[in-house]
Structures are given as structure tokens and as C-alpha cells.
Amino acid sequence: MRRTKIITLFFLLCTILCYNRIHAQSSPPEKIISGKVIDNQQEPMIGVSVQDMSTGKGTVTNIDGEYRLSVAGNVKVRYSYVGYKTVEITVTSSASEYNIVLEEDNNVLEQVVVVAYGTQRKKEITGAIAVVDTKQIDKMTLPGIGQALQGLATGVHVTTAGTPGSDADIVIRGIGSFNSVAPLYVIDGMILEASQRQFNMHDVESVQVLKDASATALYGARGANGVILITTKKGGDGAPKIRFTGTLGVSQIAKRYEMMNSLEFLRINRLAYENADKVWPGEPAQGQVLTNTDWQEAFYKTGLTKDYNVSVSGGNQNGNYMLSFDLYNEDGTVIGPFHDKLTVRSNVETRKGIFTLGENMMIGRSTTKTLQGSPFIDLVRMPPIIPVYDPDRPGEYGYGSSAYQTYGTNPVGLQETRDSRQYNLRIIGNAYLQIEPIRNLQFKTNIGIEYFNWYDKYKTTYKQLRYLTGSDYETSLYEGNGDLQSWLWENTLFYKNSIGKHNFDALVGYTAQKQARRGNGVTGYNMLAEGFWVIDQSSSEKPFDASGNESVVAMISSFIGRINYNYAGRYLLQFNIRRDGSSLFGPNYRHALFPGASLGWRVGEENFMKQIEWINDLKLRLSYGKAGNQGAIPAYKYATYIVSGDRVGIFGSDPKLYTGQIQNGMANPDLRWETRETYNIGLDFSLFGQHLYGSVDAFQARLRDLLIEKAMPWSRGTDINPWINYGKLDNKGIEIQLGYRETQNAFKYDVALNVTATRNKVLELNGDDYYFAGLNGTSQSAIGRSLGEFYTLRTDGIFQNWDEVYAHSITTTNATTGEEESTLIQPNAAPGDIRYKDLNHDGVISEEDREFIGSPFPDFEAGLTISCEYKGFDFNLFLFGVYGNLVYNNAKYWLERMDETTNLPKNLKPWTGEGTSNTTPRPYLGQTDNIIGYSDRWIEKGDYLRLKNIQLGYTIPANILKQTKMIETLRIYVGAQNLFTLTGYSGLDPEISGGGVYAKGYDDGHFPPVRTITCGLQISF
């Protein structure tokens, strides 16, 4: 904690020094020049930087495109604006007025892209790096970086949920581990470990996704699952600029189940009892008024999202600064959850001679109320005959009775009697000093810090919410708290030079990072004072329960190196290497090397290609590399320890109880990180005056030494499962990006398509043939197949009569008598029951009759982005879809089993007689084969096409705004997110987030992405 305070004070000192330096006074002027800057459409340009190149002093153009600047005599003056070609002029003694025309710079190949520990021009990149169009991010109201990446970068699979404050699940280039598949996040050089919750998307300047091992090699033991590099905004030259963005969004659950009303439910419920030869207890009394509860209407509500962002930025020859403030509030679309966050950022940099000093710091505070239980299943399981609130017991909830014996939980009551809140404070920052002692040589030292503090409070007021379920306490309170402290120190030396046509740069460095996590939790029962939720006010009659106690420290230190070389900008070579030493692994494998190499050939620069005028650039890329993953494993799992006091023994003829000691686990000094070895071939192209552009990548990744917590028999002497390196996995895929743009005419547009297809295959499981997982054991990972494929029984229609039941048999020869015998395959079946296929022909329906029916991973996914501008109007549209995946519909499993008292879908037509249905069996209150969970009856196609975002905006003309003498730009817009979804999936939504690596694609009542209508305002002064 002392180190954290010292580093924080150092950051504040850097901020003060930088800010004072930026506002230092420069030497007095010698000449005044003025003029006007326009674009090639003869429109005045606002905010163009005009700079005296001898002193660095500058200004920006006003709302009319006019400027006035004091310069030091006859000097060179530079005019620059993002997206336009820079113009330089020489001031003469005879002229003082200079009118300038800036032309748009359409050469995107010259764009500078952030890579690991540096930058590169886009045309020189040889690894697989996706550059995300942040203009599209600006068009959406986004709670986190995950939602911004969906469909905008090839090879990046993102699934989201509608839960306020939830993180998106991000997988880069397929499953890369049996445990942790999350990528590494690096923001302004700081490597992060905590969640995405507190980050402010308005601060984002650029996003790059490093996908292959040659690009991620410099992150060594943590880069195997890909790296997301985020750079935040910096100030520009000129007077301070104030920007404000305000967005208001209204959200709803996009789809509802059509459920039976009370009369329809009672008819099926009665039939289920009659089919089971049981007395129906649910007969309404004569004249009874039936309750008809719409549980979805009672649970759903309209959500409201508010996002307000203010930033101040500016700079001069001495440096730049950017300060931002963001207030974000998301009230959920169901009773209960919400997410609030407040974010403040300071980015400051100052320059003096050979020195550059800067800092980037973010402070975020969030409060999140979480969703309780599985309400999206319970709200459709609960029969409509049961009221939300019990009218006969004020303050109590409806939950069923002996007449309606439902075992669903009242979802409204669950949210109202449980209050679980998470309070988080997060500080992310880095301070750096860069020295350039001689030309082209730079030394940089960077100190980063992440501090994450959490405090969880979970209050429970006991009310009965489920039939035949009680409790021995009235109230309970859980309080948990802890923090994560991470500091990073990096030192790099960078040299760049050109000798003739030979261009090269080299980077060497040393980095070290230490993370310390600590936490504890406790639960108290029966609060002594009603409404006074303090842990020491719980009753002493029931002891406290302690949980979540931890104190963990992990360290990693590394040496890094990189060489870039190109000849005449035509032949490109990059070599990366990192040597890591990590405290997470055993002494035998604590250090490892992670190399990466890539080659590029800009075919378009060859003389024989330059004659083809319609080819602007054509580049072939090849790469190979190794990267690691240590995120899958907790600390200290390579070792074990001795415990005493919790193990006892009884020995001797006179039995006595003895306290003993035992080894608590199994040591594994050979434990080592996962390794991902990747081969990549890619082609980048820009054609027809850079109008048509795109890239194609094909890759194969071999993953080995995957980490799992392997279940072992207790006969080994411990009930603690050890961590081991287990199995091999293969990933391969293809990624295609194709776009067409027009930026010169008054009507500007850009249409871009991203397509990704990936496959994975299990190669080895350390002697095991398969691994079961998922609901009802429906997923199996087997050698030679994809991870977590659905492995189920095959249904074969419905028995329509007894003849079909008897015909579903197998004929065998009795070994003793030699006579043929006929055996029923489903001896307990009756007309109206499901017929299953006896795939192994043994005459019995069992788990041995299961077969692989498909994967939860899509065959391909695609995103289509369309953006256009015309005379102040702008329009943006983003479509996203997936194809070829399967989803296990657990809500359907509970709704259509018909073996207990639950509500049913309105359009459900169960079998009631011969020919009435060949898909849905008869209702039957009790156990039958109809309720088998590992059946293909519950598996559906998960294909969908979704309109993720659509927005229409209008920017007020500059000639109108200039009359205000204050407003520089003003844009208003309306839009929608998740406006519609085309899918054949019968659940609420086919986009399933969460789930373990072995058990993807399970719709276990997940919170679906919500439909949001937004309006907003962007204004700068």
C-alpha cells in the first residue's frame, strides 16, 4: 500500500510539471501572418493547426477557417489537420496573408498503427493485426470495449448479455485454452488484470487487436489468447477545446415468450394428471375467480441509459493535455439490476529539448446491483394461476400450493428480497520519461499502476418464494472486500535509422510486473435491528460463516527484443523475442522463450506491378511465432503445504480422537504455461485509387501443455485436485475483410464486410478418450473432434399407437434354446411418448446410443458496416450474424417436459391422440423417457442476423454556428441498437454469453442483449 501511495504521488507530480510546462510562455513574436484555410469543396475548415516550425508556437483556425499567428520572421509554417495532407509554406517579408487549401489524404497506408511496445506504419505491418474503426465506436452507446469489437474485427468472436455492467466474452481466433480464453488488455502501455467495467469508451483513440503469435510474442507468457491494445485520446495543438456528448437511451427486452393463460394451463395440467392416473388437485371451486398472472409483464420494465461526457483538451509546442469526465447510468430492463459508473481521466505530456515527460491516468468508480437466480427460466415456469403477491398474506409472495405444486421460484420476489451490490474503485495509470540523447535513439522508462478495490454487500430478507422450501433464518448479510494492486516497470531502448534503401529499427528492454491480491468475506444471520444492515448486528445464535479469504502475490520479469528491417519499403522483416520468468510455475519450468518472426513482400512496389495502374498496394505476409498463457492458473498451484487441525484419526483398542496433519494437495514442480504456436499467411490489397481495399488471412495454431485442474481419486491421499498440463488442441481458420469507399465527392461512403471462419480440434487428452460437461452431460470433448460438441440421443418422432410401440423392438437368438426372441427397445413407453433411436443396436436406450450432432461454435460469422455522409447528414448501419452453431435451450427443457406443474408455450400442441403430434409428447405428471435431458429435442440452430446498430445524425452548418461566437461544432443524432434479429431459435435470444470452455452454447436463462433507442448531442466549443 505504501508503494501505491508513492507511485500515485509521482503521477500527480508528473501531471503538475507537464501542465505547467505546456502553459509556459514563449519568446515574443516578430511578424504577424493571417489568412483562411478551406478544403477542396471550398468550405472553411475549423480547428486546423497552424504552427511556426522554428519555435513550435501555433494556433488553430476559427469557425470561419480564419487564423492569425505571430511568427519569428521569415520562417516555415505548417498547416495540418487529421485526414488531410499537411501543407508547409515559407513566410516572406513581403506578404502577411496566406490562404491555404487542404486536400484530403486518402493514403491510409501511411497511417500509424500502435503495435506491441511501439508504432508502425500500416503499410509496414507483417503480423496479423486488426485495426478497429473507432469512428464506428463513436456511433454507439457502449458500456465496454467488448461490445465495441463485435463484428468490427476479423477473427474476434464476441458474445454479450443485457445484464447492466456485464463484461462481454471475447475470444480471438478460436478457443485457445481449456480454461482462460480471455485476451490480454493493454491500455496506454499498462497491462490490465481486472474487469472492463470502469473503462470509458469516449476516451478511446485507437484499438488494435494482435492476433497471431508473431504480433503477440512481445507479451510472452500472456499473449497466447491475443492482445487488445487501446490508446486513449491526447490533446491537440491550439487553444483549449471543450467537447460535450450526451446520450439518452430507452431499452426493452426485444422478445417475449407467448405463454398460456390460466384456462389453457389448467387444461394441460389436468391432462398430465389423468395420463398418470392421478387425482387432479387443481380443480377450481365453483365460482372461483381465476388468477391470470403474466409473469413477464410483472418482471420486465423499460430500462433507461444515460451517458454524459465532457472533455477539455489543448496543447502547444511544449506539450498537450486532455482531461475527461464521464457519468454513465444504466437501469436494467427487468426488476432489480442497475449499473452506475463515474470515470475521470487525465492525459498530459510535455516536451523540452531531448526530454518528454507524460502521464495517463484514469480513476473509475462503479456501483452495480446484480441479477439474482435464473429469473428468465422461472418467469415462464411459474403457472399463471399463481399470483405475484399472496392476497391472503400481506407482504408475502405467491409460490404454489398443494393444488399447484410448482417448483419454480417467484422471480419478482427473488429480486425484491435479495439486494446484492458491488462497489468498485479502479485506478489505472502510467507515468513515463523519454530521452533522445542523439538523433534516432530513444530511451523510455515507464511506470504503471493498477489499483482495484471491491466491496460486495449481499442482503437477504427471507420470504418463502418456492413451494416446500424453507429456511432457518430470517435475514442474512454477506460482506466481502479486497483489492488488487499491480505495478509495472518497463525500460526500453529504441533505435531507428536508414542507410540508402535499407531501413531498420531495433528495440530492447526489460519489464517487471508484480500483482498482489487480498480479500475476505463473512456472512452473518438474523439481523438484530430491522433495516440496520451491519455485520456486527447479526445474531450470535448462528455463528458467522467466513469465505473468500485470500492473500496472493505473483510476479513476472522479462527481457524483450525486436528488429524491424525493410529494403526500399518493399521487402519487410520483423523478429520478436521475449524471455519470461513467472512465479506462477514450478521451479523446473519457470522461464521460457517466446519468439516470433514475420516476412512481408509489398508486391505492388515492384516495377512490373507499378505498370498496373489500378493496383495501389499489394502485400503478402508470412509469420510464425510462439506465445504463452498463464491466465488459466491461480498462484502457488505448483506447490503444496501441510495443514493440521482439520484432519483426525481414531486408533487403538481404547478409541481416542487424534488431531493429525496431512499434505493438502499434490505438488507439481513441472507445471508450466500453455503454449500457442501459430502459422499465418496473409494478403493485404488496395485497388482502384484505394477505393477497394481488404485483406485475407489463413492461420493454424497448435496449442499444447493446456492447464486444467484434474479430478483425482481420494485414494491418492488428498481431496485437493492438482493442476496439470493436459492435452493438445488445434485451431485453424480464415479471415476476410473487404471494403469499398468514396471520400472525394460530396457524397462520401464506406462499406466494409468482415467474415471469420474458425475450427478447433482436440488432439490429445493425456490418455483420456473424452471429457463430459454441460447441462445433463450433453457436451463431450473427444479426440479428433471439436471442443464441447453436443452429444445426445436421437429422437425419432412419437409413438402414435401400441403397434408402433411393439414394432420398436429388436430380434435376437436365445443362446440356450436357439429360438428367436423379440425385445422391446422402450418397454416403459406408451402411445404419445418419444421414440429414440437405438444407434448401437443393443435393444436398450442408454447413454451408449448418443452421437455427435454438432458444435456450439459457428461455422462462420460476419459483420457488415455501412457509413455515409452528405451535406451535414451522416448515416451508419451495422449488421452482424453467425451461422452453423447449435444452442441447448434449457428454458425449453423446463417448459416442455410436462412432468411437473409449469406453464407452457401458447402454441404448444402436445400429443392427445393418434395423429395429433409427431414432435411433442403427451403430458404426463411423473417420470418417463420424455424428460431425458441429453436428447436432441432440446438442441436448436443458433443462426441469426442482427441489426446491431443504426444511427442518423446531422451536423449544423458552420455558417450558422459562427453566429453564436462560441459553438464550434454541433451534431444531433438518433439511433437504435439490436433493433431486430432474424433467427429460427425459439428462445429469447441465440447469442449466448458465458459458460465454460467445455460447455459453450447453453441457454440456461441468460440475460439477452436488449433493444435500445437512443438520441444524443455532440457539441464542442
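Where is the place of Thr 964? Select it and you land in the loop between helix 12 (958-961) and strand 51 (969-977). Helices (H or I, at least four residues) and strands (E, at least two) are DSSP runs here, numbered from the N terminus. Before going on, note that this is a predicted model, where local features need pLDDT of at least 70 and side-chain atom pairs count only at pLDDT 80 or more, while totals for chains, interfaces and linings use all residues. Residues are numbered from 1 along each chain as its sequence is written, and side-chain values use heavy atoms, with hydrogens and water left out.

Back to Thr 964: its relative accessible area is 36%, so the residue is partly exposed. On this scale buried means under 20% relative accessible area, exposed means over 50%, and partly exposed is in between (1.4 Å probe, protein chains only). Now add Glu 605 to the selection and draw a distance. Thr 964 and Glu 605 are 50 Å apart in space, C-alpha to C-alpha, and 359 residues apart in sequence.

**Zoom out**

Show the whole chain as a cartoon. You are looking at 12 helices and 54 strands. Along the principal axes, the C-alpha atoms fill a box of roughly 115 × 75 × 70 Å. The radius of gyration is 33 Å, which agrees with the value near 31 Å for a compact globule of 1021 residues; the radius is taken over C-alpha atoms, and the globule rule is 2.2 Å times the number of residues to the power 0.38. Colour by accessibility and 53% of the 1021 residues come up buried. Of the contacts (heavy atoms within 4.5 Å) with a separation of 6 or more, 71% are between residues 24 or more positions apart.

**Into the cores**

Next, select Leu 149 and Ile 228. These two have the most contacts inside the largest nonpolar core, which has 32 residues. A nonpolar core is a set of buried Ala, Val, Leu, Ile, Met, Phe, Trp, Tyr and Cys residues joined through side-chain atoms within 4.5 Å. Show what surrounds Ile 228: leaving out residues up to four places away in sequence, its contacts include Leu 149, Ile 170, Ile 172, Tyr 185 and Val 207. A second, separate core has 30 residues, among them Ile 253, Tyr 300, Ile 385 and Val 1010.

For a buried polar residue, go to Asn 360 in strand 21 (residues 355-369). Asn 360 has 6% relative accessibility, so it counts as buried. Among the residues it touches, not counting those up to four places away in sequence, are Asp 188, Lys 234, Arg 345, Asn 430 and Tyr 432.

**Rings**

Now show the aromatic side chains. The whole structure holds 33 aromatic pairs. Rings of Phe, Tyr and Trp (its six-membered ring) pair if their centres lie within 6.5 Å; planes under 30 degrees apart count as stacked, over 60 as edge-to-face and the rest as tilted. Start with Tyr 117 and Tyr 219, a stacked pair at 5.4 Å centre to centre with 25° between the planes. Tyr 117 lies in the loop between strand 8 (112-115) and strand 9 (118-121), and Tyr 219 in the loop between helix 4 (213-216) and strand 16 (227-232), so the pair ties together parts that are 102 residues apart in sequence. Both Tyr 117 and Tyr 219 are buried.

Then compare Tyr 389 and Tyr 397, which form a tilted pair: 5.3 Å centre to centre and 35° between the planes. Tyr 389 is partly exposed at 43% relative accessibility, whereas Tyr 397 is buried at 7%. For a cluster, select Phe 178, Tyr 726, Tyr 771 and Tyr 998.

Two arginines are worth a stop here. The charged end of Arg 672 sits over the ring of Tyr 589, 4.7 Å from its centre, and Arg 590 lies over the face of Tyr 638, at 5.2 Å from the ring centre. The test is NZ of Lys or CZ of Arg within 6 Å of the ring centre and within 35 degrees of the ring normal.

**Last stop: strand 5**

Select residues 76-80, which make up strand 5. Val 77 and Tyr 79 point to one face and are buried, while Lys 76, Arg 78 and Ser 80 point to the other and are not. Two strands pair if DSSP finds at least two bridges between them. Strand 2 (residues 49-52) runs antiparallel to strand 5, joined by 4 bridges, and strand 6 (residues 87-90) pairs with strand 5 in the antiparallel sense, also over 4 bridges. Centre on Arg 78 to finish: Gln 51 stands opposite it, and its bridge partner in strand 6 is Glu 88.
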